[in-house]
Amino acid sequence: QLRDSLSASFERELFEALERVSEQLRSMASDPPLEIERRYLLSRAPDLPEDCEELQLEQGWLPGDAPRERLRRTCAPQGERFERTLKIGSGLTREEWEQEISREVFERLWPLTEQCRIRKTRYRVANEDLHWEIDVYADVDLLVAEIELPTETTAVRFPAWLEPCIEREVTEDPRFTSLSIALHGVPSEARAASSSSERAPGQSPSDLVDDGPPSDPEGPQPSD
């Protein structure tokens with residue numbers, strides 16, 4: 001069973017603590033930490049530069065109402081890192097509350113995420129003052145590129161190794177958040193994109209405007 005490894009008292013204390021944290025975060029709206037990030041669906045895997053950094057990520061979300069807390073294990077050549085994260089909002093700019101935790105805390109909480117997990121390989125590539133992150137999902141057919149920006153108006157310039165692989169921007173489409181993929185799987189058009197690009201010859205990826213999900217999405221979608 002999902003909670004066999006956790007005592008009833010620990011479980012109760014855990015969820016009470018998470019509820020208190022959520023209330024505290026909602027009250028700290030005067031100067032919240034922000035994540036400004038654009039996300040792009042890829043039609044194929046790019047030819048990555050040799051100096052890219054490879055990371056193995058495991059992510060899981062604790063049960064509960066939105067916003068849901070995420071646990072992450074990152075395996076890098078330098079070692080492992082464990083984090084708990086809460087993201088509030090959707091689209092280009094979201095509040096992001098992140099805390100590094102110990103392996104012990106991670107391993108006690110991880111069983112609770114059993115029904116909502118993803119695995120992916122992340123390739124991190126420096127590009128001028130920013131970094132591109134290429135995510136290759138392990139259990140679903142999906143390739144996504146992300147870039148974190150200093151401001152909402154920062155222009156995105158695609159490097160030569162990435163531009164031919166851009167299918168379209170999905171920043172405003174909540175079906176392409178990692179949490180939505182863990183819960184609902186990959187949207188059908190993403191699977192089609194991985195087998196054939198619909199971009200016309202000579203058309204720039206910046207011309208492919210992200211209009212969000214179709215007009216009749218399958219119910220409300222979660223944030224990352």
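A residue counts as buried when its relative accessible area is under 20%. By that cut-off, 45% of the 224 residues in the chain are buried. The model described here is predicted. The chain has four helices and nine strands, and the points below go from the whole chain to one group of strands and one loop residue.

**The chain as a whole**

- Read from the N terminus, the order of the elements is α-β-β-β-β-β-α-β-β-β-β-α-α.
- Among contacts in the chain with a separation of 6 or more, 65% are between residues 24 or more positions apart.
- The chain has an accessible surface of about 12200 Å². Carbon and sulfur atoms account for 45% of that surface.

**Cysteines**

- A disulfide is a covalent bond between the sulfur atoms of two cysteines.
- The structure contains zero disulfides.
- Cysteine 165 has a relative accessibility of 1%, so this residue counts as buried.
- Cysteine 75 counts as partly exposed because its relative accessibility is 28%.

**Strands β6, β7 and β8**

- Strand β6 covers residues 117-127 and strand β7 covers residues 130-137. The two strands pair in the antiparallel sense over eight bridges.
- One of the residues with a bridge partner in β7 is alanine 126, which is matched with histidine 131.
- β6 and β7 form a hairpin, with two residues between the strands. In the turn, glutamate 128 has a positive phi of about 60 degrees.
- β7 also pairs with strand β8, residues 143-148, in the antiparallel sense. This pairing has five bridges.
- Glutamate 133 has glutamate 146 as its bridge partner in β8.
- The connection from β7 to β8 is a hairpin as well, and five residues join the two strands.

**Aspartate 139**

- Aspartate 139 lies in the loop between β7 and β8.
- Its relative accessible area is 56%, and the cut-off for exposed is over 50%. Aspartate 139 is therefore exposed.
- The side chain of aspartate 139 makes a polar contact with the side chain of arginine 119, at 2.8 Å.
- Aspartate 139 and alanine 182 are 43 residues apart along the chain. Their C-alpha atoms are separated by 9.9 Å.

Terms used
Residues numbered from 1 in each chain as written. Predicted model: local features only at pLDDT ≥ 70, side-chain atom pairs only at ≥ 80, totals over all residues. Heavy atoms only, no water. Disulfide = S-S within 2.5 Å. Buried < 20%, exposed > 50% of the residue type's maximum accessible area, 1.4 Å probe, protein only. Contact = heavy atoms within 4.5 Å. Areas by Shrake-Rupley, 256 points an atom, 1.4 Å probe, with all protein chains shown as cover. Pairing = 2+ DSSP bridges. Polar contact = N/O pair within 3.5 Å; in protein donor to acceptor, adjacent residues only side chain to side chain.
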